Amino acid sequence: MKIIVNSIFVDDQDKALDFYSKILGFVKKHDVPSGEYRWLTLVSPDQQEGTELLLEPNAHPAAKEYQQKLFADGIPVTMFGVSDIRKEYNRLVEKGVHFTMEPTEMGGVTIAVFDDTCGNLIQIIQQ
């Protein structure tokens, strides 16, 4: 068994697509109409056959509440790995990304947390 799709709730699929592709650099894999929304996934540019990130609308009240409470409590919803966290941090800051935690060493890894502009905090990690 392997993980093929991981969902992240977003408040606006178009805004999320712009942020995750143009700012973070992920590549759109699927964009298929699904009712009033879309099956919209992205992948890492260097692993295009790897795990997909589904930008899932937070239209259900439970999804919206879950997302809002995690954000309010400062809890990241997912984690992305980077090879050089300081370089990635500087690149994202230059693109206007707001970090709630600058790169910080913790137990042999370095992490940082940013706001994805779509209702989520995202953690990046260098192991």
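So, Phe114 first: its bridge partner in strand S8 is Ile122. Strand S8 covers residues 121-126, and 6 bridges join S7 to S8, with the two running antiparallel. When I say strand or helix, I mean DSSP runs numbered from the N terminus: H or I over at least four residues for helices, E over at least two for strands. And two strands count as paired if DSSP finds at least two bridges between them.

Quick word on what we're looking at: this is a predicted model, where local features need pLDDT of at least 70 and side-chain atom pairs count only at pLDDT 80 or more, while totals for chains, interfaces and linings use all residues. Residues are numbered from 1 along each chain as its sequence is written, and side-chain values use heavy atoms, leaving out hydrogens and water.

Okay, zoom out from that pair of strands. They belong to an open sheet of 4 strands, in the order S5-S8-S7-S6, with mixed pairing. Who's at the edges? S5 and S6 (99-106) are, and each has a single partner strand, so one side of each has no neighbour in the sheet. Helix H3 packs on this sheet and touches S6, S7 and S8; contact here means heavy atoms within 4.5 Å.

Now the other sheet. Again 4 strands, again open and mixed, this time ordered S1-S4-S3-S2. Its edge strands are S1 (5-10) and S2 (27-34), each pairing on one side only. S1 and S4 (residues 52-57) run parallel, joined by 6 bridges, and one detail there is that Ile8 has Leu55 as its bridge partner in S4. Helix H1, residues 13-23, lies across S1, S2, S3 and S4.

Back to Phe114, because its ring pairs with that of Phe19: the centres are 6.2 Å apart and the planes at 45 degrees, so we call the pair tilted. The rule for Phe, Tyr and Trp (its six-membered ring) is that centres lie within 6.5 Å; planes under 30 degrees apart are stacked, over 60 edge-to-face, and the rest tilted. Phe19 sits in H1 and Phe114 in S7 (residues 109-115), so this pair ties together parts 95 residues apart in sequence. In total, the structure holds 7 aromatic pairs.

Last stop, which elements each supply at least two residues of the lining of the largest pocket? Those are S3, S4, S5 (78-81) and H3 (85-94), and S5 gives the largest share, 4 residues.

Definitions and conventions. Axes are lines fitted to C-alpha atoms, for helices over the stretch in contact, and angles run from 0 to 180 degrees between N-to-C directions.
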